[in-house]
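Me: I'd like a close look at a single part of this assembly. Could you take me through one chain, inside and out?

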Amino acid sequence: MGVLPGTSPEASAEGGFGLALRGLSVAYGARTILRDLSLDVPAGSTTCLLGPSGIGKSTLLRRVAGLIDGPGTVQATDGRPLAGRVALMGQGDGLLPWLDALDNVLLGSRLRGERADRDRGLAMLARVGLADAAESRPATLSGGMRQRVALARTLMEDCPLVLMDEPFSAVDALTRLRLQDLAAEMLAGRTVLMVTHDPWEAIRISHAITVMTGDPATISRTLKPDGQTPRAIDTDSARDHWRQLMEALGEMA
Amino acid sequence: MKKILPLMLSALLLTATALPVRAADKLTVLLDWFVNPDHGPLYVAQQIGAFERHDLEVTFIAPADPNDPPKLVAAKQAELAISYQPQLHIQVAQGLPLRRIGTLVATPLNSLVVLADGPIRTLADLKGKRIGFSVGGFEDAILNAMLAPHGLSLSDVELINVNFSLSPALYAGQVDAVIGAFRNFELNQMDIVGKPGRAFFVEAEGVPAYDELIVISHRDTVDDPRFVRFLAAIEEAVQYMVNDPKGAWELFLAANPDLDDELNRRAWRDTLPRFALRPAALDHGRYARFAAFLEAQGLIDKAAPVSDYAVEAGRQDGR
Amino acid sequence: MSRLLTAVVTTFVLLGLWQGYVWLSGIEPFLLPGPIAVIETLIARHELILRHLGTTAQEIVLGLLIGTTLGIAAAILIHAIPAARRIGLPLLVISQAVPVFALAPLLVLWLGYGLWSKVAMAVLIIFFPVTTAFLDGLRRTEPGMLDLASIMSATLSPFRRTVALMLHVRIPAALPALASGLRVATGVAPIGAVVGEWVGSSAGLGYLMLHANGRMQIDLLFAALFVLALFSVLLWLSVDALLRRALPWQPDSFAR
């Protein structure tokens with residue numbers, strides 16, 4: 001796999017910050033999803049939240065995004081408010097079907113009532129290799145292409161903190177690998193908190209892997225693989241990490 | 001032998017009592033509209049047992065759309081209907097196989113009504129005004145005849161279909177006059193709500209007199225013996241009403257308790273003198289004159305001979 | 001070309017069935033005339049019929065335009081403002097449940113016998129389908145889109161954020177639902193106009209039909225009915241085509 005030809009790694013974003021999550025609890029009625037969860041997300045690197053389906057990873061992410069409320073605090077390490085400094089990339093591509101690719105990339109400025117920077121939008125599309133698709137509607141694009149448009153949109157927002165919720169789960173395995181590489185390259189230097197259920201994905205692109213288990217969910221352990229991302233997975237250290245993760249997930253005796 | 005005779009006798013008696021008494025003939029009559037004092041003789045006949053005496057068991061059905069009964073009779077889906085002479089001329093001209101066999105109300109009830117304290121004093125004042133009507137089919141012929149002596153024609157007035165809310169349209173001021181208002185009804189209604197009206201009677205303003213309510217049957221069934229008996233019972237009822245108007249009103253109410261109000265009481269009083277004293281009798285000349293009038297107004301192509309569409313039920317000499 | 005041919009052939013088949021039924025059943029012409037008689041009358045009195053068609057067509061189209069505008073506004077208000085929802089939803093259901101002919105005389109009283117009482121009737125009849133369809137669409141906006149838009153507009157004031165989400169996400173997402181409501185509305189708007197005319201009018205196909213009925217001119221009645229039906233079908237097809245063009249991103253199995 002590797003980096004797409006003709007692109008260059010993203011420079012470190014200015015104003016980067018980490019996250020301090022303290023005592024987060026979320027309950028839906030009588031059911032407690034998260035109880036008193038605390039986590040540090042380091043600045044400028046990618047942290048993966050790994051856990052089985054349904055454990056509350058998405059809930060945690062939405063709590064961090066401020067889409068749901070609850071006890072506990074979510075703070076930026078530089079002390080300033082998070083609003084406007086967060087970009088979200090969800091499970092679906094979240095593309096609006098009535099807008100073409102470029103307008104989707106420019107959605108943020110449209111919502112905020114700002115003047116849209118079409119040139120920059122086109123540049124973002126070019127960076128993910130979709131300059132030709134600028135006037136195409138999402139329905140005419142493949143799943144992988146749509147996720148790339150979503151990635152371009154996320155880049156367009158140019159936020160130091162990027163939250164991702166299993167963004168590559170809806171595409172086929174091959175496309176997923178390519179997208180992981182692209183993301184690792186494009187988001188280098190930003191603080192990324194990504195939710196995934198795939199240990200290999202975590203091993204490939206994260207600098208820290210936080211495992212969530214239990215009901216209500218708690219952090220069971222954190223792994224910090226070394227080396228540059230995207231990593232190769234046919235190495236001994238990769239296989240080692242995988243074993244450790246599976247143990248942590250409770251899948252191995 | 002001795003034992004068998006009483007047995008046979010009792011068996012005979014039993015079968016004799018089991019045999020039905022001479023059954024009354026059933027007859028269904030479609031009314032022209034919802035039950036109202038115009039139908040007085042029908043219900044009085046029922047209440048004084050006139051139908052029973054003539055071996056009839058009559059059921060009355062009120063339609064929702066006054067245009068339906070003639071069609072149903074013409075399609076043989078109903079036996080008799082109460083309808084209107086002017087409409088009969090038009091229906092027969094359109095090919096409906098109908099016959100008048102009797103008359104219920106022997107005078108016109110139609111009138112042009114205006115507000116009593118309104119600006120319309122004579123028919124000439126109708127120039128440029130709005131006239132409401134409910135769909136009858138011949139209101140423009142009537143209006144033409146009424147306006148002509150005053151030098152006006154239909155193009156001098158605006159005709160608006162107000163369906164059946166004639167008086168409300170008038171006292172809400174949405175029209176200046178209404179045609180098709182029954183003088184025994186609308187005038188009383190307007191009086192009761194405190195907005196009295198003034199009527200121009202059609203037969204006094206150039207329209208030939210006609211029977212407002214008639215009894216019609218299908219062309220092929222005019223000689224049905226039940227119909228003769230039916231009209232005989234109606235005649236008895238009308239006689240009763242003439243002899244004892246108050247008693248007759250009580251009987252009508254007994255059959256229709258929900259009509260016990262001021263409007264119906266007044267309408268009864270005003271309709272009483274108009275019922276045909278001889279329901280079966282037919283005035284050929286009258287029908288011919290009205291047909292000629294409709295022909296002159298262009299509502300029918302050619303006036304057919306009266307005997308084509310109107311007969312006296314039960315006429316013995318076959319004419 | 002083949003679509004036109006199919007339409008023509010279908011029409012002929014239907015007319016043939018109609019005529020066949022009339023011949024075989026021997027039904028009286030004053031109950032159901034045959035298509036030949038109706039078409040003869042249609043040709044003979046086409047001026048009269050077309051003149052009245054013009055009036056009714058005006059009522060229908062105006063009713064559709066006004067009703068759609070009101071419906072869209074009502075749906076947005078009901079969705080966005082809780083107080084409007086409390087008042088609006090029951091009123092919405094009432095507007096559908098009350099039989100229109102009960103209200104028709106009142107409308108005629110307030111708005112007169114002219115165009116506007118019929119337009120009001122048509123508006124009343126289509127208000128519910130349009131509003132509920134659009135409201136449904138607004139309610140069913142994909143949460144993923146809303147989450148994304150919320151994050152992107154986090155720096156806006158709550159009011160401006162609601163407006164931005166409504167304008168850029170909810171409304172466009174709900175347009176296909178609105179289109180469904182409009183298709184229903186186009187189908188029923190003629191009823192409103194004609195019922196309005198039955199209650200009080202001096203022009204229009206409904207008025208013409210009443211008049212023809214009163215004079216036992218049943219072939220004219222059916223000719224007017226036929227023209228009304230034809231107009232309604234053409235109107236529906238036009239609106240459908242318009243909607244498909246307005247919403248090109250919406251998958252449509254009818255699209256060629």
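Which chains have the most contacts among the 2 pairs of chains that touch? Take the chain you focus on from that pair, please.

Reply: Bear in mind that this is a predicted model. Among the 2 pairs of chains that touch, chains B and C have the most contacts, so to speak of one chain, let's pick chain B.

Start with that interface. Chain B puts 20 residues into the contact, and chain C puts in 21. On the chain B side, three elements each bring at least two residues: α4 (68-74), α5 and β7 (158-161). The top contributor there is β7(B), with 3 residues. As for chemistry, the chain B side counts 9 nonpolar, 10 polar and 1 charged residues. With chain A the story is another one: chain A and chain B do not touch, and 49 Å lies between their nearest C-alpha atoms.

Now look inside chain B. The domain assignment splits it into domain 1, made of 25-107 + 210-308, and domain 2, which covers 127-204. Taken over C-alpha atoms, the centres of these two domains of chain B are 24 Å apart. Where they meet, domain 1 of chain B offers 12 residues and domain 2 of chain B offers 11. On the domain 1 side, α5 (85-93) and α11 (262-271) of chain B each supply at least two residues. The biggest share of that side comes from α11(B), with 6 residues. Sorted by class, the domain 1 side facing domain 2 of chain B holds 6 nonpolar, 3 polar and 3 charged residues. Notice that α5 of chain B turns up on both lists: it supplies at least two residues to the side touching chain C, and at least two to the side of domain 1 that touches domain 2.

One more spot in chain B deserves a zoom, a helix pair. Helix α2 (residues 40-47) and helix α9 (residues 225-243) of chain B have axes that come within 8 Å and cross at roughly 95°. An angle of 65 to 115 degrees counts as roughly perpendicular, and α2(B) and α9(B) are therefore roughly perpendicular to each other. From α2(B), the residues involved are B:Gly40, B:Pro41, B:Val44 and B:Ala45. Across from them, α9(B) brings B:Ala233, B:Ile234, B:Glu236, B:Ala237, B:Val238, B:Tyr240 and B:Met241. By class, the contact of α2(B) with α9(B) has 9 nonpolar residues, 1 polar and 1 charged. The charged one is B:Glu236 and the polar one is B:Gly40.

How values were computed:
Residues are numbered from 1 along each chain as its sequence is written. Chains are lettered from A and ligands numbered from 1 in the order in which they are written. This is a predicted model: local features need pLDDT of at least 70, side-chain atom pairs count only at pLDDT 80 or more; totals for chains, interfaces and linings use all residues. Domain bounds come from an automatic or database domain assignment. Two residues are in contact if their C-beta atoms, placed from the backbone, lie within 7 Å. Helices (H or I, at least four residues) and strands (E, at least two) are DSSP runs, numbered from the N terminus. Axes are lines fitted to C-alpha atoms, for helices over the stretch in contact, and angles run from 0 to 180 degrees between N-to-C directions. Angles under 35 degrees count as roughly parallel, over 145 as roughly antiparallel, 65 to 115 as roughly perpendicular and the rest as oblique.
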